[in-house]
Amino acid sequence: MQTLLAPELIDDLNQRFEQATAQEIVRWALEGSGIEKVALASSFQDEAVALIHMAVQVRPDVPVIFLNTGFHFAETLAFKEQLVERFGLNLLELTGEETVESQAAKHGPRLYERDPNLCCRINKVLPLDRTLRTLDAWMTGLRRDQAPTRAGTPIIDRYELEPGRWIAKISPLANWTKREVVRYLGEHDLPRHPLYRLGFASIGCAPCTRALFPGEDDRAGRWPGADKVECGIHLKPPANG
């Protein structure tokens with residue numbers, strides 16, 4: 001794993017994978033990389049559905065991580081169950097240490113409005129970090145064209161869990177466009193989250209997500225009214241050097 005994480009090797013892999021297909025990258029991550037413990041993080045949006053479809057063809061039992069915050073749309077939870085049944089997913093459903101009720105009792109009601117960063121940390125960042133400490137790598141559905149905060153997303157990166165503790169972060173769809181993702185779903189007869197039909201483009205927790213207005217980027221519907229476009233799990237600085 002230390003060899004995999006060497007900065008010069010990551011640079012070489014990124015140059016190589018810019019010209020590779022996403023399927024080739026997924027197969028490398030699950031079969032050819034030497035990584036033993038790898039999981040796929042999923043919110044069951046388009047990118048995750050495409051990535052899951054690619055991954056289960058290589059390793060049917062690949063762990064799929066879902067952060068169940070307690071605030072998801074009912075449509076998200078139903079769609080998750082649909083995909084678990086369709087693909088026989090090895091689902092790792094993570095929850096924070098607080099329930100919706102205990103969080104309200106401890107921090108007051110509607111924390112997601114008053115301090116969305118803290119709410120995300122409790123329900124997303126900390127639960128994910130605990131699981132990532134058991135892994136050597138994780139795959140994400142990040143795309144560079146989703147938002148300015150993601151424009152520099154490398155295909156292979158290092159993710160620092162804590163000082164001196166790194167794992168690999170692999171984003172096989174980093175250089176894909178939204179149109180390419182939708183085309184892939186159509187070509188393979190894969191379902192889409194039902195809220196896309198209602199004008200949603202990036203679907204998170206129900207209190208913090210709205211449909212888009214014309215001309216907005218995909219992440220504009222997240223945390224409306226707050227100076228926030230990321231939950232925090234992808235905001236740790238890259239460490240390629």
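Here are a few exercises on this predicted model, each with a worked solution.

**Exercise 1. Find out how many helices and strands the chain has, and in what order they run.**

Start with the tally: the secondary structure comes to 8 helices and 6 strands. Next, walk along from the N terminus, and you'll read α-α-β-α-β-α-β-α-α-α-β-β-β-α. So much for the parts list; now for the overall shape.

**Exercise 2. Work out whether the radius of gyration of the chain agrees or disagrees with that of a compact globule.**

First, get the expected value: for 241 residues, a compact globule would come out near 18 Å. Then look at the chain, which has 17 Å, so the two agree. For the extents, check the C-alpha trace, which spans about 45 × 45 × 35 Å along its principal axes.

Now peek inside. Buried residues account for 52% of the 241 in the chain. Then take the contacts with a separation of 6 or more: 70% of them come from residues 24 or more positions apart. Last, turn to the surface, where the chain exposes about 11300 Å², with 51% of that supplied by carbon and sulfur atoms.

**Exercise 3. Count the charged side chains and say how far apart the centres of the two sets lie.**

Count by sign: there are 29 positive and 33 negative side chains. Now locate the centre of each set, and you'll find the two centres 3 Å apart. As for pairing, a search of the whole structure turns up 14 salt bridges.

**Exercise 4. Take the salt bridge between Lys 106 and Glu 98, and decide for each partner whether it is buried or exposed.**

Begin with the distance: the closest N and O atoms of Lys 106 and Glu 98 are 3.4 Å apart. That fits the salt-bridge cut-off of within 4 Å. Next, Lys 106 has a relative accessible area of 61%, so this residue is exposed, since exposed means over 50%. Glu 98 has 19% and therefore counts as buried, because the limit for buried is under 20%.

**Exercise 5. Which parts of the chain does the salt bridge between Glu 162 and Arg 133 tie together?**

The closest N and O atoms of this pair are 3.3 Å apart. Place each partner: Glu 162 sits in strand S5 (residues 156–162), and Arg 133 in the loop between helix H7 (116–132) and strand S4 (137–139), so the bridge ties together parts that are 29 residues apart in sequence. Both ends are partly exposed, Glu 162 at 36% and Arg 133 at 37%.

There's a network to spot as well: salt bridges with shared partners join Glu 47, Arg 143, Asp 145, Lys 178 and Asp 218.

**Exercise 6. Compare Phe 44 and Arg 110: what is phi for each, and where does each residue lie?**

Here's the background: most residues other than glycine have a negative phi. Phe 44, though, has a positive phi near 65°, and for Arg 110 the value is near 55°, also positive.

Now find their places. Phe 44 is in the loop between strand S1 (38–41) and helix H3 (46–58), while Arg 110 is in the loop between helix H5 (100–107) and helix H6 (111–114).

Finally, check the burial. Phe 44 is buried, with a relative accessible area of 0%, whereas Arg 110 is partly exposed at 46%. Arg 110 also forms a salt bridge with Glu 113, their closest N and O atoms being 2.6 Å apart. That partner, Glu 113, is partly exposed at 47%.

Technical notes. Residues numbered from 1 in each chain as written. Predicted model: local features only at pLDDT ≥ 70, side-chain atom pairs only at ≥ 80, totals over all residues. Heavy atoms only, no water. Helix = DSSP H or I, 4+ residues; strand = E, 2+ residues; numbered from the N terminus. Rg over C-alpha atoms; globule rule 2.2 N^0.38 Å. Buried < 20%, exposed > 50% of the residue type's maximum accessible area, 1.4 Å probe, protein only. Contact = heavy atoms within 4.5 Å. Areas by Shrake-Rupley, 256 points an atom, 1.4 Å probe, with all protein chains shown as cover. Lys, Arg positive; Asp, Glu negative; His and termini not counted. Charge placed at Lys NZ, Arg CZ, Asp CG, Glu CD. Salt bridge = Lys/Arg side-chain N within 4 Å of Asp/Glu carboxyl O.
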